[in-house]
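Welcome, and please open your viewer. We will go from the whole chain to one helix and then to the ligand.

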Amino acid sequence: ALTELFSARRSCTTCPYCGVGCGVAATREMTSAGGEEVVRIQGDEQHPANKGKLCVKGSSLADTLGNHGRLLKPRLHGVDCDWDTALDFAASKLRETIDEHGPDSVAFYLSGQLLTEDYYVANKLMKGFIGTANVDTNSRLCMSSAVAAYKRALGADAVPCNYEDLDEAELVVLIGSNAAWTHPILFQRMQAAKSKLVVVDPRGSATSEMADLHLAITPGSDAALFNGLLHYLAEFGALDQGFIENHTENFTEALYTAAEWTPEKVAEYCSLELEQLLEFYELFRTTEKAISFYSQGVNQSSTGTDKNNSIINCHLATGRIGKPGCGPFSITGQPNAMGGREVGGLANMLAAHMDFTADNVERVGRFWNAANMAKGPGLKAVDLFNAVESGQVKAVWIMATNPAVSMPDARRVAAALKNCPTVIVSDCVADTDTARCADLLLPATTWAEKTGTVTNSERRISRQKGFLPKPGEARHDWEIICDVASRLGFAEAFDYASAADIFREHAALSGFENNREQVRRAFDISALANISDAEYDNFTPVQWPVNAANPQGTARLFSDGDFFTPNGRARFIAVDPQCPKQETRDEYPLVLNSGRLRDQWHTMTRTGRARKLLDHSEAPELHIHPQEARKYGIEDAQLVRVESEKGQFFGRARVTASQKPGQLFAPIHWSDSLAHNATVSALAIPFTDPFSGQPELKQVAVKIEPLSAH
Ligand code: SF4
């Protein structure tokens, strides 16, 4: 009542956390004459992803603002410097390294936190002008198996579904997803729709507690479960023969491979009761509108791509794709994992979803007027940091991410960075485990200041709009990249006046010589290539493709049964289920799983600032089943050490029946700089999926011991 509002400015932007991509209305208010400005955060009621709702992380965004802990000036070898000195250093080190050791001796490592415009110029600089495709991203750790599987089955990295399909579905099968915590707004939509929920997850979670059926499968056995489902659907006459014959190929091979997976064999392999398994299979067989909703539990595996394809196979076999309430729906973890892919944010892609074919290299080179195009794929994340360690990569620029914490065998990655001749880190915060390895730190803007676009899990492009001024000397990532490009001698190609300029070029490239008869390219937003600055500023969220055929965007793909493969047919993939590579054995008898908590985000550089969010879980905990706790003499809240072949993790035991015997769970958010030996990914051996390069982070063979009484 005492508040006298005399000024308020409202900006519509998007939440910087998960791939749901909720619309956020940020209002700057002056509370009284001469008083402090406050920021009020609400859900944007006009945004189709969330219709005004926000989860606890999104609604606490105002508590994460402020300059505490921010990097506000460039810092060279630990000493503040001016921008000219910093940019000259970055450009000269890159130039020296390229001249002496060739373009492949440099690498960029990007982030799903960057905006599409940032990603676009980083990719253009490396793949068009420096001449290497050594540009990868932390999205490799998150969804690259889903990308590889969509490309194998559907011909393109093209998510078929949209969020309205969740409203219409009668059955949602959540596989490897704790959506109630990790994608809460979508989980609320599922609950509101009153669809049947089946959760496939080795551990009990907030999501499984609300499920109609929880299948606590053996870790890593997902492909067997879905091979068995394919076999069951065929046995019980649930196939859509017309769809299979008219719109797919390779069905016979996939079914032949699945044939050995009888319900009895699947139940034994997956450690399920036969009745439970048959209940799931019957639900899927008899429910017309079914969505499979999957996330990191499927993707972060040495066979993640095959697991994805085993799920997609079941949708193709029943024609449950391209229809309302149906489809295989992979959900991204980060706010702009999809936007990064659109511009070639993965080392094996060029730009606008193009592969590295000779035609595409020539076409993109012509569009960019770039004489030094990369000719083939670069190093994927794990290989990229291996190359840093071996000395093959001698200069690396890391933007908005913390690989010294998030990569498998993370402490080895940190050591490799410390030994690397040149490490440049752009970030908004001054002190991360990765920033500590940097020669040069570049202060970048962050969520409340950045301006550009992001794409959420349903292919919806939205604006992220800064509503606060840049703090200190921080600059936008795209500006920093363009300034370095200019100093490298590429000023003309990186002469952008605004993020809108970059977006228009990106949109134009997506449709450049995109002849549907010859080039079946899914990602096409060419209808946005000529939008004005005002239209960009007032951008209405839209789902790609946005082209001449679909000028208002495309809510659902493949409604016509026409896929992006060369012959227009979707491909069944014959999947031979494999065990996780990190197998338990006498020395390491337990399987360590890891994941997110409800109230934290990544390495807590933002959420760690909000007291309310820390209250949910203040320190790293290690979840263990009571039987296992008894076996090792561990009591609740006792300090424990978990050890793998690669490293150790310390946490407080949380004895809970939500874990199965033989399995442990730890959160991913803490790092060694926040708590002693708290980096959980440091324990993982960096085995990767052969198709996607995604590392196996979910199944790590470990042992455990108690450390003290309490
Ligand atoms: Fe942000 Fe995701 Fe929560 Fe939406 S669901 S408010 S995008 S964290």
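What percentage of the 710 residues of the chain count as buried? The value is 61%, where buried means 20 or more other C-beta atoms, placed from the backbone, within 10 Å of the residue's own. This is a predicted model, in which local features need pLDDT of at least 70, side-chain atom pairs count only at pLDDT 80 or more, and totals for chains, interfaces and linings use all residues. Residues are numbered from 1 along each chain as its sequence is written.

Start with everything selected. The chain holds 25 helices and 26 strands, which are DSSP runs numbered from the N terminus (helices H or I, at least four residues; strands E, at least two). Along the principal axes, its C-alpha atoms fill a box of roughly 70 × 70 × 65 Å.

Next, select residues 381–390, helix H18. Seven of its ten residues are buried: Ala381, Val382, Asp383, Leu384, Phe385, Ala387 and Val388. Now add what these residues pack against: strands E6 (106–110), E7 (135–137) and E14 (395–399), plus helices H19 (403–406) and H20 (410–419). Step just past H18 to Gly391, which takes a positive phi of about 95°.

Finally, move to the ligand. 14 residues surround it, each with its C-beta atom, placed from the backbone, within 6 Å. Select the closest: Cys15, Tyr17, Cys22, Cys55 and Gly58. Helix H1 (56–59) and helix H7 (184–193) are the elements that give two or more residues to this shell.

Notes: A residue is buried if 20 or more other C-beta atoms lie within 10 Å of its own, exposed if 12 or fewer, and partly exposed in between; C-beta atoms are placed from the backbone. Two residues are in contact if their C-beta atoms, placed from the backbone, lie within 7 Å.
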